[in-house]
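User: Got a minute to go through this one with me? I'd like the overall picture and then a few odd spots.

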Amino acid sequence: AKMAAPVVWGSPLLTLFKRPRSFLSAAGKAAVRVRSRCKSGRTVLQLHRRGIFKDIFPEGGDLPQLLESGPQTLYCGFDPTADSLHVGNLLAVIGLLHFQRAGHRILVLLGGATARLGDPSGRISEREAVSADTVQKNARGIQEGILSVFHNHRFCFCSDAEAANLGPLSILDNWSWYKEKEIVSFLDTVGRHFRMSTMLSRHSVQSRLKSPEGMSLTEFTYQMFQAYDFYYLNQHHNCRIQLGGTDQLGNMMSGYEFIHKVTGQDVYSIMVPLVTSSSGDKLGKTAGNAIWLNRNKTSPFEFYQYFVRQPDSNIERYLKLFTFIPLPEIESIMDIHRKDPGKRHAQKRLAAEVTKLVHGKEGLATAKRCTSALYHSSMDALETMSDEELQELFKEAPFSENLLEPGTTVLDLCRKASAIPDGPRGYQMITDGGIWINHIRVTKPEQVLILGQHILTNGLSLLRVGKKNYHIVKWLNLAE
C-alpha cells in the first residue's frame, strides 16, 4: 500500500494519555484535538469526550509524542468464532476508523489460529472446539463484513479529499505465522519469557480458576499467543499500538511485557468500552443477544430497529460512540429530542447513521422501506420491496411461487398459500374478516384478485392471517 503522508497535527494530546485509569475524567480538563491529513483540516473529534477510548496501557509513556510524530500502525484482532462480527465488536471497528481518518495505518487481525484455542476473557465457561474448516469459513464472513464497513465509511462519510487521505487498511490472519510453528521451538523462544505468577494473576484467569469448571491449559496459554501476535506485528509491520475491549486488558498487558522484554521497545494498548444491554449484560453471541453486522444473520431492518428501540437513557451516549456526528450537532439533536421524546428523533438519527455505516445507503433504504411496510401499512413501500427484503422482513413467513390463472380469487390465494384450513372453516375465516392482503382486510372469498390491489406491481402478494401470521406469494406469469 502507498505510504500515507505525514499527519498535520492540531493542539497536542496533552496529559490525557498519561493517565490510563482516568481517561474519561480528564475530559473536563483539556480538549484533545488530533488534526487529520484531509485538506479540509477536519479534526478527529475529541475521542475522549465521545467516550470511545476508555483506558490506555501502560501508564505514562510517550504515546502522545508517538502519535504526533506521524502516521502509526495499529491493530485490532477478532477471533472468527462466528461468521460475522456483532454490535459488541462494532465500537472497536469504529475506533479503527477514527484512527484511519487521522491518516494512521490500520491492521485488522483475524485469529485463524487463536480462534481454535478460545479466549477466556469475559467468559464463565470454555468455548466449544471449532474445526479448522469452520474457522476458515468464519474468517471469510468476518473479512467480508469488515471490508463492507470500511467501504461504506469511505463512500458515505468522507468527501473525495478526505477519502484520498485515509490511512491504508490491511487484513491479516495469524494462522499464516502459526501454521509452520513447532511447539517445542515456540515454547523455547516465546514461552520462557512468561512468568506463571503473572499469568495466574490475570483477572480472566482468576475468575475461571474459581469457577466449578476451572480452566484448561489451552485457554490458559491464550494470553501468550495474543502477546506473540502483537510482537509479530511489531516486528513485521512496525505496529506499536493495539486496540481492543476493556475485557482484553490482561492479554494486552502480556503483549506489552513480552515485547518490552524481548526488544526493549515500548508499545501501547488503547481500550474501548464494552457495549452492554440496558440490563448491563455484555452484548455478544455468548450472551445470546447478538445483533450481527452481516446481512445474512441480521437484516438491515432488524439492525435499524435495534437502534430505533434504544431507551432514552442510552441515546446520547450511543450517538457519541457509534456515529461520526460532530458533538455540537449531537447536542442539537438531543435538544430537539427532549422537546418531544415520543417522536424518537434521536433514535431515528442514530439508527440511520449506524445502518448506513454497516449496510450502506441501499441497506438504509431497505430498512426504511421495511419499516414503512410493516409499521405504517404502506402499499407504496410494499411495491418497491424486493423478494429478498420481504423475506428478511417476514423471516418466518412461508414463501411460495404460483402461476396466476384467470379468475383466481381471494379464497384461491389463501389455499394456494396454505394459509387457511380446507373446507367451511377456511371460508369462514375470510368472511369473518381474519384475512388481510397487502394490508387491506378482505371479507369476500369469491372476490377475483385485482392487480395493484391484491397483487402488487412487483408480482407479490403479502397475506396476513390474524395478527402475526404472514405468507408471501410470488406470481410468476404476470407478464403473459
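Analyst: Sure, let's start with the whole chain and then go residue by residue. This is a predicted model, so local features need pLDDT of at least 70 and side-chain atom pairs count only at pLDDT 80 or more, while totals for chains, interfaces and linings use all residues. Residues are numbered from 1 along each chain as its sequence is written, and side-chain values use heavy atoms, with hydrogens and water left out.

User: How many helices and strands does the chain have?

Analyst: There are 20 helices and 13 strands. Helices (H or I, at least four residues) and strands (E, at least two) are DSSP runs, numbered from the N terminus.

User: And what share of the residues is buried?

Analyst: 54% of the 480 residues. Buried means under 20% relative accessible area, exposed over 50%, and partly exposed in between (1.4 Å probe, protein chains only).

User: What about contacts, how many link residues 24 or more positions apart?

Analyst: Of the contacts with a separation of 6 or more, 73% are between residues at least 24 positions apart. A contact here is heavy atoms within 4.5 Å.

User: OK, switching to His 153. Buried or exposed?

Analyst: Buried, because its relative accessible area is 0%. His 153 sits in helix α4, residues 132-157.

User: Which residues does His 153 touch, leaving aside neighbours within four places in sequence?

Analyst: Leu 97, Gln 100, Arg 101, Cys 158, Leu 166, Phe 324 and Leu 357.

User: Now the backbone. Which peptide bond is cis?

Analyst: The one from Phe 57 to Pro 58, with omega near 5°. Pro 58 falls in the loop between β3 (55-57) and α2 (63-68).

User: Why bring that up?

Analyst: Because most peptide bonds are trans, and most residues other than glycine have a negative phi.

User: On that second point, what's phi at Arg 344?

Analyst: Positive, about 55°, and Arg 344 isn't a glycine. Arg 344 is in the loop between α15 (327-339) and α16 (345-375), and it counts as partly exposed because its relative accessibility is 26%.

User: And where is His 439?

Analyst: In the loop between β10 (435-437) and β11 (440-442). His 439 has a positive phi too, near 70°.

User: Last one: where does Leu 187 sit, and how accessible is it?

Analyst: Leu 187 is in helix α7, residues 183-189. At 44% relative accessibility, it is partly exposed.
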